[in-house]
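Work through the exercises below with the model open beside you, and try each task before reading its solution.

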Amino acid sequence: MSTPALIPMIEQLIAAPSVSSISPQWDQSNEQVIQHLADWCRSAGFQVEVLPIPGHASKFNLVASAGKGPGGLVLSGHTDTVPYDEQRWQSDPFRLVERDNRLYGLGTSDMKAFFALVLEAVRGLDLSQLKQPLTLLATADEESNMCGAQSLLETNRRLGRYAVIGEPTGLKPVRMHKGISMEIIRLHGRSGHSSNPALGVNALEGMYRVIGDILAWRDELQARHKNPLFEVEVPTLNLGHIHGGDNPNRICASCELQIDLRPLPGMVLQDLHDELAQRLERLMSGSELRLEIITPFPGIPSMETAADSEIVRTAEQLTGHTASSVAFGTEAPYLQQLGMETLILGPGDIDQAHQPNEFIGLERIQPMVGLLQGLIRSFCL
Ligand SMILES: [Zn+2]
């Protein structure tokens, strides 16, 4: 039995809805995508495991592997897409449409097509000839809570020595990205009539001091950390949302600030959270305001793979490009924690990801299949 032809595979993956979202009204199972991949990987001769994700009903990871050995290559991607705005699409997001030498559909660039390209790259390959294992890894919920990658980490399973994640990088290798974390800072005071400040405790005035301190912290972080390989070479901290109080003539009883922090490789999310908490506790000590800091999601760690790693060097040779950095987060830090030297290299473009009328250029397909075959040759044959 053989796998379907390439374009029909992409077509079926796009037609299988797998939106993941922290909003329950959008969130869907990824089972249909996983089932397609499981069937095709079995046809191609892989040993297939479908792994339900504990605590997340109807979400699955897939591990399909062939060959044995201490090294090996893992080709990894996420099966989910972001939600879509149907009004802004020119065609049905779940129907693959070819137009102007492009394939349009939700998840073409980011990143369901990648799986079909992996299966295309191994078509006709005698898996019994593998000297090191080749694994296809497909995860759930990368776009929402990363529970797929996290559950793999919890099983602490060894999958291979090297990994390539096919996120959209325009066929250029990427070996580092920043992390992402968010914090919600709340100050609780007491309301009262504005005519007498002694009647209340003003949370808005407290937040003014908090913002001053956070901006000073940002300056310190940017003075301490710099990496010229990034387009924005310092860690960033954005004040993204603030809400407090109700009326000009009432003392503001509570105020909430939301910030986004993007650390460089080498900066640890937990350390940053602790540092922020210590600073703000110190700032607010002696005040009647109560401070609350909430981390709304676990965050994505930064990642960096050494420039002289075998996977980086091989990909640089195959593509003719020096490995660089990107501004988005991926599952790479989780794969690295599982012991894999990880590179990000995929056929799509990040400009198309998360956009209406997402597409992948047809001219990207054969080069990516060729790159995958080169990687498999280098690490498995
Ligand atoms: Zn993606």
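**Exercise 1.** Which kind of contact do the side chains of D27 and K59 make? Find this contact in the predicted model, and then describe where each partner lies and how accessible each one is.

*Solution.* Begin with the contact itself: the side chains of D27 and K59 form a salt bridge, with 2.9 Å from N to O. Next, place the partners along the chain: D27 belongs to the loop between α1 (6-15) and α2 (31-43), whereas K59 belongs to the loop between β1 (47-52) and β2 (60-66), so the salt bridge ties together parts that are 32 residues apart in sequence. Then turn to accessibility, where buried means under 20% relative accessible area. D27 has a relative accessible area of 31% and is partly exposed, while K59, at 3% relative accessibility, is buried.

**Exercise 2.** Locate the salt bridge between E49 and R157, and work out which parts of the chain this pair ties together.

*Solution.* The side chains of E49 and R157 meet in a salt bridge of 3.0 Å, taken from N to O. E49 sits in strand β1 and R157 in the loop between α4 (147-155) and β7 (162-165), so the parts tied together by this pair are 108 residues apart in sequence. As for accessibility, E49 is partly exposed at 31%, and R157 is likewise partly exposed, at 28%.

**Exercise 3.** Are D260 and R262 buried or partly exposed? Then identify the network that D27 and K59 belong to, and state how many salt bridges the structure holds.

*Solution.* The side chains of D260 and R262 are joined by a salt bridge of 3.0 Å, N to O. D260 counts as buried, with 13% relative accessibility, but R262 counts as partly exposed, with 24%. Elsewhere, D27, K59 and D141 are joined into one network by salt bridges that share partners. In total, the structure holds 18 salt bridges.

**Exercise 4.** Describe the surroundings of E256, starting from its place in the chain and ending with the residues that E256 touches.

*Solution.* First, E256 is found in strand β11, which covers residues 254-262. Second, the relative accessible area of E256 is 17%, and this residue is therefore buried. Third, the side chain of E256 is joined to that of R186 by a polar contact of 2.7 Å. Finally, when residues up to four places away in sequence are not counted, E256 touches I184, I185 and R186, together with M207, H241, I242 and H243.

How values were computed:
Residues are numbered from 1 along each chain as its sequence is written. This is a predicted model: local features need pLDDT of at least 70, side-chain atom pairs count only at pLDDT 80 or more; totals for chains, interfaces and linings use all residues. Side-chain values use heavy atoms; hydrogens and water are left out. A salt bridge is a side-chain nitrogen of Lys or Arg within 4 Å of a carboxyl oxygen of Asp or Glu. Helices (H or I, at least four residues) and strands (E, at least two) are DSSP runs, numbered from the N terminus. Buried means under 20% relative accessible area, exposed over 50%, partly exposed in between (1.4 Å probe, protein chains only). A polar contact is a pair of N or O atoms within 3.5 Å; within protein, one must be able to donate a hydrogen and the other to accept it, and residues adjacent in sequence count only if both atoms are side-chain atoms. Contact means heavy atoms within 4.5 Å.
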